[in-house]
Amino acid sequence: MVRAAVLPAVGAPLEVTDIELPEPGPGRVRVRLAAAGVCHSDLSLSNGTMRVPVPAVLGHEGAGTVVSVGEGVGHLAPGDGVVLNWAPSCGSCHACGLGEVWLCANALNGAADVHARTASGTELHPGLNVAAFAEETVVSAGCLLPLPDGVPLTDAALLGCAVLTGYGAVHHSARVREGETVAVFGVGGVGLAALQAARIAGASKIVAVDVSPEKEELARAAGATDYVIASENTAREIRGLTGKQGVDVAVECVGRAATIRTAWDSTRRGGRTTVVGIGGKDQQVTFNALEIFHWGRTLSGCVYGNSDPARDLPVLAEHVRAGRLDLGALVTERIALEGIPAAFENMLAGKGGRALVVF
């Protein structure tokens with residue numbers, strides 16, 4: 001039996017309880033978690049914005065140590081450090097054939113599996129495949145990547161979602177070039193990663209936008225050269241910081257219609273907006289046909305940073321080792337499993353960066 005944070009039903013409070021994990025079967029691995037990040041996607045799963053089978057053990061951003069392996073797992077052994085990959089690509093669907101593994105049609109097939117049981121025998125599903133809000137988890141070997149050398153195990157949890165997403169949004173989706181100007185909307189875990197990524201890319205001006213004045217210090221430490229408190233004048237303020245032109249690139253990490261529209265309005269003519277935030281179906285973004293033609297801007301969705309974790313993790317690790325990427329700077333609180341509901345409340349209130357569950 002291990003302790004885990006269980007979502008009993010959509011909209012219900014998380015329950016920290018004992019669950020019974022099976023021994024790893026063929027192709028599966030048991031992992032003892034060192035840490036798990038609390039991501040906005042976990043909140044979206046709990047409130048029904050995104051749907052997975054329930055009851056479920058949530059959590060998808062984590063790192064830990066292999067405890068045992070099932071038959072046929074030859075590349076991992078007990079004692080190995082690993083990073084969880086919640087969206088393993090199948091390699092055979094249309095998207096994978098195009099090399100767009102972040103759009104794999106089968107990545108979340110494991111979410112419907114029976115992952116564990118409660119003490120009373122209730123079947124539990126693994127949320128986004130990996131059920132990281134638990135002391136231990138059992139996952140497909142394809143959901144694990146070797147811990148890169150020189151990266152602390154606890155901090156490595158952030159590589160599994162926040163950093164891959166924020167870095168990828170800047171480098172793979174928006175393709176920020178040296179000297180370009182960038183605005184990042186939303187200074188949470190992903191936004192802080194995007195700010196660091198823009199700095200690594202050599203952006204000449206990096207504007208952070210958030211509703212909270214308290215996040216300015218965090219944003220500037222991550223690489224922001226300017227900080228704007230979100231308001232109805234945000235786009236005008238950003239144009240004022242860029243010679244009345246607007247930024248070359250806007251990265252939206254909030255997932256709200258008004259923020260997406262403001263991000264688009266904040267870019268120059270011919271600018272690029274990448275939407276990372278996950279919004280609900282009720283969030284309708286409106287443009288008229290003339291402005292789409294006149295401004296010549298590009299608006300793109302971005303899934304998991306358009307990243308290939310197997311390809312990108314070594315790149316991120318090199319940035320960490322070289323001191324260019326500071327994983328610890330994304331974390332504003334370290335908590336136990338029981339602290340996850342409060343972390344959700346902080347997200348809704350726009351407080352802090354990444355909360356990290358440390359086991």
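The following exchange discusses helix packing and selected buried residues in a predicted model.

Trainee: Which residues does the UniProt annotation "domain: Enoyl reductase (ER)" cover?
Mentor: The annotated span is 27% helix and 25% strand, and its end C-alpha atoms lie 21 Å apart. According to the UniProt record, an unreviewed entry, the annotation "domain: Enoyl reductase (ER)" covers residues 11-357.

Trainee: How is helix 4 oriented relative to helix 10?
Mentor: The axes of helix 4 (residues 162-173) and helix 10 (residues 309-321) come within 11 Å and cross at roughly 95°. Angles of 65 to 115 degrees count as roughly perpendicular. Helix 4 is therefore, relative to helix 10, roughly perpendicular.

Trainee: How do the residues of the contact of helix 4 with helix 10 divide into nonpolar, polar and charged?
Mentor: Helix 4 contributes Val163, Leu164, Tyr167 and His172. From helix 10, they are met by Pro309, Arg311, Asp312, Val315, Leu316 and His319. By class, the residues of this contact are 6 nonpolar, 2 polar and 2 charged.

Trainee: Is His319 buried or exposed?
Mentor: His319 lies in helix 10. Leaving aside neighbours within four places in sequence, His319 is in contact with Tyr167, Ile200, Arg324 and Leu325. The relative accessible area of His319 is 11%, and the cut-off for burial is under 20%. His319 is thus classed as buried.

Trainee: What is the relative accessibility of Gln196?
Mentor: Gln196 is found in helix 5 (residues 189-201). Not counting residues up to four places away in sequence, Gln196 touches Ala222, Arg324, Leu325, Asp326, Ala329 and Leu330. Gln196 counts as buried, because its relative accessibility is 1%.

Trainee: Why are the buried residues of helix 11 on the same side of that helix?
Mentor: In helix 11 (residues 340-348), the buried residues are Ile340, Ala343 and Phe344. In general, an α-helix has 3.6 residues a turn, so residues three or four places apart point the same way. Glu345 and Leu348 are exposed on the other side of helix 11. The buried residues are on the same side because they cover an arc around the axis of only 105°.

Trainee: Which strand, covering 354-358, do the buried residues of helix 11 pack against?
Mentor: The packing partners of these buried residues include helix 1 (40-47), strand 1 (2-7) and strand 3 (28-38). Strand 17 (331-335) is also one of the partners, and the strand covering 354-358 is strand 18.

Trainee: How are helix 1 and helix 11 oriented to each other?
Mentor: His40, Asp42, Leu43 and Ser46 in helix 1 meet Phe344, Met347 and Leu348 in helix 11. This contact has 4 nonpolar, 2 polar and 1 charged residues. The two axes come within 10 Å and cross at roughly 100°. Helix 1 and helix 11 are therefore, to each other, roughly perpendicular.

Trainee: What arc do the buried residues of helix 7 cover around the axis?
Mentor: Thr234, Ala235 and Ile238 are the buried residues of helix 7 (residues 234-241). Arg236 and Gly240 are exposed on the other side of helix 7. The buried residues lie on the same side of helix 7 because they cover an arc of only 95°.

Trainee: Which helix do the buried residues of helix 7 pack against?
Mentor: Helix 7 is followed by Gly243, whose phi is positive, near 60°. The buried residues of helix 7 pack against strand 11 (181-185), strand 12 (205-210), strand 13 (226-229) and strand 14 (247-252). They also pack against a helix, namely helix 8 (257-265).

Definitions and conventions:
Residues numbered from 1 in each chain as written. Predicted model: local features only at pLDDT ≥ 70, side-chain atom pairs only at ≥ 80, totals over all residues. Heavy atoms only, no water. Axes fitted to C-alpha atoms, helices over the stretch in contact; angles between N-to-C directions. Helix = DSSP H or I, 4+ residues; strand = E, 2+ residues; numbered from the N terminus. Parallel < 35°, antiparallel > 145°, perpendicular 65-115°, else oblique. Contact = heavy atoms within 4.5 Å. Nonpolar A, V, L, I, M, F, W, Y, C, P; charged D, E, K, R; others polar. UniProt positions renumbered as here; feature names shortened; annotations may be inferred. Buried < 20%, exposed > 50% of the residue type's maximum accessible area, 1.4 Å probe, protein only. Arc of directions from axis to C-beta.
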